[in-house]
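Hi,

Here is the structure I promised to pass along. Have a look at it first, and my notes on the ligand site come right after.

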Amino acid sequence: MRIGFIGLGNMGAPMALNLLKAGHAVSVFDLSEQAVQALSDAGAKAAVSPKEAASDSECVITMLPAAAHVKSVLSGADGILAGIRKGTVIIDSSTIDPASVKACAALASQHGNTFIDAPVSGGTGGATAGTLTFMVGASDAAFDEVKPVLLAMGKNIVHCGDTGAGQIAKICNNLVLGVTMAGVAEAMSLGVALGVDPKVLGGIINTSTGRCWSSEKYNPFPGVIEDAPSSRDYTGGFGTDLMLKDLGLATEAAKLAKQPAFMGALAQQLYQAVSSRGDGKLDFSAVIRLYGQA
Ligand code: NAD
């Protein structure tokens, strides 16, 4: 297929590369000329605007930092809608709020196009390996249309419901992740402060009812899990500022739905405190540093 791809950052660049590897013709745009150059060196066609990347494409994908970028790339003077053919599907894989998805979908629909949300989990490792999970919000027909394209970049392509449902699934999962990481950090710090060996405590949690992904794969206490970011000074992994962004989306969505999010709001403040200390680029398990034991 001919695919337009906009946003060639940590996630977008390896995703676009996997589309090329799968044999698609990819037209790319990013504000960073270097990012565009790297993809065009790998065989992509360099575009000078989202409009140009979208024109003549049979499908357009965006992978951008936040909702404001998605809206401007979609509807700006040189945006996707200015160049795209009617009937073409736009897939947004950025993590943004469900309300913005609906607004973008309405704009696209006025132009005769379908806008679907397909946020991902799996991080930069999954993007490079082509093993991302895509959480898709779309009609049945649009899901069937985009699934083969997404399979070039991911392993699990899940239809979560209608437009916006993919983002809802994504922010709810990351709400759990943010809360469980803070809980494991608190418990590990308390145990160590009281004199228990962190490896022993980590092992007990993992064979007891406290077990979760944050304790098992990603224990925030240094040295408990050798290949976790905590054992390499919290480098690599999933940045604190990205977790903070996702918790902000969750608490904002909760506010709009008049739904309480007690744990999410507290977790948001914890990651905010880490970021305010200047550690926003560290892996989010650095939240343990607030407890003074790691
Ligand atoms: P990134 O900051 O590395 O990349 C974003 C890219 O968008 C940059 O190259 C930037 O130049 C480009 N960009 C910004 N504004 C633009 C515009 N107007 N036109 C064209 N290009 C523009 O971010 P990332 O880590 O690749 O994440 C992208 C999205 O995926 C975010 O919404 C993030 O929350 C989500 N996400 C990230 C991860 C992760 O581990 N990094 C995991 C899951 C989801």
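Below is what I found around the ligand.

Bear in mind that this is a predicted model. The ligand sits in the largest pocket. Two elements each give two or more residues to the shell around the ligand, namely α4 (67-75) and α12 (240-256). If you think in domains, the shell takes at least three residues from domain 1 (2-161) and at least three from domain 2 (168-291).

So who is in that shell? There are 22 residues surrounding the ligand, and the closest are N10, M11, D30, L64 and K245. Sorted by class, the shell has 12 nonpolar, 7 polar and 3 charged residues.

You'll probably want the backbone contacts for your setup, and here are the ones I have:

- N10: a backbone N or O atom lies 2.9 Å from an oxygen atom of the ligand.
- P65: a polar backbone atom is 3.1 Å from a ligand oxygen atom.
- G9: a backbone N or O atom lies 3.4 Å from an oxygen atom of the ligand.

As for how much of the ligand is covered: on its own the ligand has 830 Å² of accessible area, and the protein covers 84% of that.

N10 turns up twice here, as one of the closest residues and with its backbone at 2.9 Å from a ligand oxygen.

Cheers

Note on methods
Residues numbered from 1 in each chain as written. Predicted model: local features only at pLDDT ≥ 70, side-chain atom pairs only at ≥ 80, totals over all residues. Heavy atoms only, no water. Near = heavy atom within 4 Å. Polar contact = N/O pair within 3.5 Å; in protein donor to acceptor, adjacent residues only side chain to side chain. Areas by Shrake-Rupley, 256 points an atom, 1.4 Å probe, with all protein chains shown as cover. 1 Å grid on protein atoms, 1.4 Å probe; cavity = no way out; pocket = protein on both sides within 12 Å on 5 of 7 lines; lining within 4 Å. Sits in = over half its atoms within 2 Å of the grid points. Helix = DSSP H or I, 4+ residues; strand = E, 2+ residues; numbered from the N terminus. Nonpolar A, V, L, I, M, F, W, Y, C, P; charged D, E, K, R; others polar. Domains from an automatic or database assignment.
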